[in-house]
Each structure stands twice: as C-alpha cells, then as structure tokens.
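Trainee: I have a model open and would like to learn how to read its packing. Please take me through it one feature at a time.

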Amino acid sequence: MVTFNYSPEGKEFTATFAGRLDTMAVQKLSEIVQVNLPESPGTSGDKIIFDLKDVEYISSSFIRICVSIAKQAGTGKFSIVHSQPLIKKTFKISGLDELLNVS
Amino acid sequence: MAVNLVEKANDIIDRAQLAAAEFQQYNQEQTDCIVESVFRAGFQNRIKLARMAHEETGMGIWEHKVIKNVLATQLVYESIRYEKTVGVISSDPRTGITEIAQPLGPIFAVVPVTNPTSTTMFKILICLKSRNPIIISTHRGASKSCAETVRICYEAALEAGAPEDCIQVISSGSRDFTHMIMAHEKIALILATGGTGLVKAAYSSGNPAIGVGPGNVPVYIDESADIPFAVKSIISSKTFDNGTICASEQAIVVMESMEQQVKEEFQKQHCYFLTPEEIIKVGNIAVVAETMSMSPFIVGQPVSVIATKAGIIVPDGTKILMAKLDGIGKEYPLSYEVLAPILAFYSAHDYHTAMNICLDLNYLGGLGHTACIYSNDESRIMKFAGLLNAGRVLVNTPTSQGGVGYFYNHLPPSLTLGCGTGGKNITTENITAKNLINIQRVCRRMPNELWFGHDQAEFYDESRTTDEIIHNYYKNH
C-alpha cells in the first residue's frame, strides 16, 4: 500500500501509495509513514513527495496526514504528484490543493 | 448629495413598488399581452439597438449583437410564451397539492457592458412575464443604448396596458447609489450579471440575489473527436461577437498525441499561435496583473486591435490568437478568463493529466459555469462531466451559442447563466421567467395511511429493532 524511496542527490523522500486510502487503511499507514519520514524534514532540507499515481480513493484522514506533514516540512517542501483527476478534485474541494502543492 | 441619492433611490423604488402592487392584479392573458408587445417592439428594433450597443461600447460585432437581440426577444419569447406564470400553474388531485405563482416584487437588474441591449430586453421580458417591475442598472459604458432599449420596451409595455413604472432605468454613475438600491428593503430580488465584484456586492446586499459572474471555460478535445469539426466549432464560438459571451471557450486541452494535428487544423482555419515572447506581450495587455482580471480595453476587440495594443504583428485575417501555455495561474495571465478572441492551449502527456488541467482551469475563476468536451466516446463524456464543476457541460458544441441555450440544445434561451454554489448561485439553471416567481403550494389534507395506520407506540419501545418497526410500518395487510 505504500513504498518509500529516498534520493540523496535531490534530497527527495518519496512515498508511493496505492489502492484505497480509506480511514481504516490510513490508520494502519499513519504510523508507518511517520516512522519512515526523514527526521525534522523542514530543517534537514529534504523534500517530501507523496506519489498517488495508483491511488483510487482518499479519506479525509489521509488529507489530514498530508496537511500535518506539509506543515512539518514547511513551505515548498511538500508536494503531491501524479494524482488521478478524481483525487485531484477531492483535494480541490477540500480547499487544500495549493497548500499541499497537488499536481 | 447623499440625502439626494437616498431620496432618488427611495423615489425609484417606491414607484416600482406601486407598479408591483398594481401588476399582481393582472391575469395571465393581460400579462401575456404585455410580454408579446414588448417582444415585438424589441425584435423590431433589434438591428438599431445592436448598432447602438456596438457604437457606444466599441465591443463586439454588430451583426452578432443582432443575433443576441434575436435570442433575447424572439427566442426567449418563444420559450416563455405558453408558460403559466399567473395564478394556478399546476394542480395534482393525487397529492392534493395546487401550485400558485405569485410575483416577487421589484427586481433590480444589473446589465453588463458586453451584452447590454440583449440582456436588457431579456431581463425585461422575463420580469414582465412573472409580473415583476424591473429597475435596470446600466453599465456606464452602455447607458445610452440601454436607455433606448428601455424606452422602446417601456412604451410597448404601456401600450399593452402595463402598470406605470413597471420598467425603470438608472445609469450606473455611482457605485454607492447602485449599492444603496441593491440593499433597499423594498427590493425583492437582484438579478445581477457582470463581474465578480458586482456579483459579490449583490450577494452581500442582504436581499435575495441571482448573481452570475465570470466563467473560465475549458474545452477538452478527446482522441475520439472529429478534429476539423471541433476546431471549426470552437472558432465559430470564440469569434462570436469577439468572444464577449461569458460561456465562450477560454482554453483548449488536448493530448500530446493529437497536439500537432489540432494545431495544424487551427492554423489551417486562420488561427495564429503566438511565440513565447508574444504570449508575454499579449498577456501583459489582456490581464491586469494586480487583480488577474481581464483588461476592459481588450474585451470584445478583434484580433487586429489586440495585436496592435500588444505591439505584435500577426497574419492578416487571423481569427484567434492561440497561446500555448505550460501552466495555470498568476504566472500565466492567459490562463484566466479573457472575453476576446484569445485562447489558451494546453498539451498533456496523458489523459489523466489532460483532465487535471481542465480541473485547474475550472477552479481558476470558472467554478459552476460552463465546460465543453469534443468526443464521440460516451464514457469519456460522462467522466468529464462528473469531474468538472460546471452548470453546463456542453458536448461537441460551440460554447457561446451552446451555453445560452436554444441554438444547439434544449436549454432555455437565457443571457443569465446560473453557476450553482460554485459561482455562489442558488441554481445552475439558465435563468428564465420561472425563476422569478414565488410558488405557493396549497396542500389539502390527505392523511398518510402508512403513518396513521401504524401503531405509534412502537416508536417508544426500545426493545423493538429497527427492522421490526420498518417491517410493521410498511406492512399493508
């Protein structure tokens, strides 16, 4: 459901998600994601990228996690990529697409 | 001065209120007679008023304004002619409910400079059909042509027996005065068509409002589309009255695999793709950087004028300036709504990206308005429709003529296009006379047998399960 990849050159930490990220799934994922994140992402200069290419559903709890991590990382250090149109629309309706830098 | 303005506002609204009081006594036949008389007068003057609007505003193409005037009179009249808007409009013996149409009262109607005479006639017709007096507020750039339109319509209305002061006009000289009337307690409804500020003012007034603001219409040309047909259709729409209709196309989105073919077709049909430097020059004059709103100096202007203002040279006979953009938002001024023959153009490497671009454009000032897809794939059409927030999703249709209804579909002909809550409207409908009546419902006693046949004590019995109660409730023997 989630895999992690770190690119030292670009100091980019990518979490690639797949499937339905409903409330139950997010409960399980939440800790895994936090454990695997770089320490103090904002100060270390790492960029955090959530790749949602194969995600077909997101719950509000997943959006909350995104917001929490984006705030930790700081401005311009967090982005969401490869979201499918329906997922992108979900972020837009939440009003958080700009904060989360969704594309 | 302020006192004078208050007195002036009170005088106008008091007159309208008296007209409303008288008007509510009219029956359907009397009302229809007035509407027909106004339609005939407006239609008779369609060419004169189109020329006046064009000369006064310097916007658009007068011949196209004639078509708009035809839409606003003949076609609107045809669509509301047989509609019941007075007294009992429906009665259902099965439910015992009878619906009665009641007028709203004085309506304050704001008319945009882009479609001044047509919107004036349209709003007058739908207000009179619903027995509401109307106070028209004109844009200062179109006050003469609107005043003449009102004069023609008002005389025709009076000749047919309409109440005195059922149509009044004020020139929008003072914003304070407009706001004063908007907020006046005796105004029943504001019917505002115009820019974002105006629509917001209407909704902030404290009075009910139907305010229709800007659009930013994305057009997706799907792989299954007939490209020459799509391009021809888009050009016929975007050049209609030099793009002044708010439902006009703003951006074309295609997939990379089709980009070359679509570009060549636009070029073949006399559209010019701007260079990156020219895109910057046109963007600078087309969109005001501080507000990211379109410049009034280019609205409704032909390509030749826009090119001169931008300091660029384009081939003679160019119909539309095409701007291939890599992004959306403040760094790309031409990604915003521009009511002129300028089109943004996007190429996406896959279908999902194309849809995401359409979504971004939709959310960049065009929520709830109009979107368009050229496709022969029903599933793609429905996916597109489900994704975008648009009151009108037009299929294989020029959006200027498609959005306003009648010509290419069965939407009611209208020059006020509801944008739903995305555009802060209460409806996504094309506004027409039926939106301007209060419907009373006379509800006759018809006891519901399910309710009264059920042992109500069950609802207070916590030992009963939901399934048991529901089973007993619907048991019919």
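Mentor: Let's begin with strands, and with what it takes to call two of them paired: DSSP has to find at least two bridges between them. Keep in mind throughout that this is a predicted model.

Trainee: Okay, which strands does β1(B) get joined to, and by how many bridges?

Mentor: Strand β2 (residues 97-103) of chain B, through five bridges, with the two strands running antiparallel. For a pair to click on, try Val88(B), which stands opposite Ile100(B) in β2(B).

Trainee: What is the strand order in the sheet they belong to?

Mentor: The order is β1-β2-β17 in chain B, three strands in an open, antiparallel sheet. Its edges are β1 (87-92) and β17 (437-443) of chain B, each pairing on one side only. From one strand to the next, the twist averages 25 degrees.

Trainee: There's a parallel sheet too. How many strands does that one have?

Mentor: Five, in chain B, forming an open sheet in the order β5-β4-β3-β6-β7. β5 (167-171) and β7 (209-212) of chain B each have a single partner strand, so one side of each has no neighbour in the sheet. Here the twist averages 15 degrees from one strand to the next. Inside the sheet, strand β3 (residues 107-110) of chain B runs parallel to strand β6 (residues 189-193) of chain B, and four bridges join them. One to look up is Val110(B), whose bridge partner in β6(B) is Ala192(B).

Trainee: Which strands does helix α5 of chain B touch?

Mentor: Helix α5 (residues 116-129) of chain B packs on the sheet and touches β3, β4 (134-138), β5 and β6 of chain B. Its direction makes about 165 degrees with that of β4(B). Then there's helix α6 (residues 143-159) of chain B, lying across β4 and β5 of chain B and running at about 170 degrees to β5(B).

Trainee: Now helices against helices. What two quantities describe a packed pair?

Mentor: The angle between the axes and the distance between the axes. Take helix α3 (residues 46-57) of chain B and helix α4 (residues 62-80) of chain B: they pack at about 130 degrees, with axes 8 Å apart. That angle makes α3(B) and α4(B) oblique to each other, since only values over 145 count as roughly antiparallel. The crossing is right-handed. On the α3(B) side the contact includes Ile47(B), Leu49(B) and Ala50(B), and on the α4(B) side Trp62(B), Val66(B) and Val70(B) are among the residues. By class, the contact has seven nonpolar, three polar and three charged residues.

Trainee: At what angle do α9 and α10 of chain B cross?

Mentor: Roughly 50 degrees, and the axes of helix α9 (residues 227-238) and helix α10 (residues 256-268) of chain B come within 9 Å. That makes α9(B) oblique to α10(B). This crossing is right-handed. Ile227(B), Pro228(B) and Val231(B) in α9(B) meet Gln261(B), Val262(B), Glu265(B) and Phe266(B) in α10(B). The classes come to five nonpolar, one polar and one charged residues.

Trainee: What about a helix pair that spans the two chains: how far apart are the axes of α4(A) and α13(B)?

Mentor: 9 Å, with helix α4 (residues 85-94) of chain A and helix α13 (residues 351-363) of chain B packed at about 25 degrees. That puts α4(A) and α13(B) in the roughly parallel class, and they cross in a right-handed way. Pro85(A), Lys88(A), Lys89(A) and Lys92(A) make the contact from α4(A), with His352(B), Met355(B), Asn356(B), Leu359(B) and Tyr363(B) from α13(B). This contact has four nonpolar, two polar and three charged residues.

Trainee: Zooming out, how many residues of each chain are in contact?

Mentor: Six of chain A with six of chain B. The chain A side divides into two nonpolar, one polar and three charged residues.

Trainee: And how is chain B divided into domains?

Mentor: Into domain 1 (2-213 + 432-438), domain 2 (217-412) and domain 3 (448-477). The C-alpha centres of domains 1 and 2 of chain B lie 31 Å apart. Between them, 12 residues of domain 1 contact 10 residues of domain 2. The domain 1 side of that contact has four nonpolar, six polar and two charged residues.

Note on methods: Residues are numbered from 1 along each chain as its sequence is written. Chains are lettered from A and ligands numbered from 1 in the order in which they are written. This is a predicted model: local features need pLDDT of at least 70, side-chain atom pairs count only at pLDDT 80 or more; totals for chains, interfaces and linings use all residues. Axes are lines fitted to C-alpha atoms, for helices over the stretch in contact, and angles run from 0 to 180 degrees between N-to-C directions. Angles under 35 degrees count as roughly parallel, over 145 as roughly antiparallel, 65 to 115 as roughly perpendicular and the rest as oblique. A crossing is left-handed if the near helix is turned anticlockwise from the far one by less than a right angle, and right-handed if clockwise. Two residues are in contact if their C-beta atoms, placed from the backbone, lie within 7 Å. Ala, Val, Leu, Ile, Met, Phe, Trp, Tyr, Cys and Pro count as nonpolar, Asp, Glu, Lys and Arg as charged, and the others, Gly among them, as polar. Domain bounds come from an automatic or database domain assignment.
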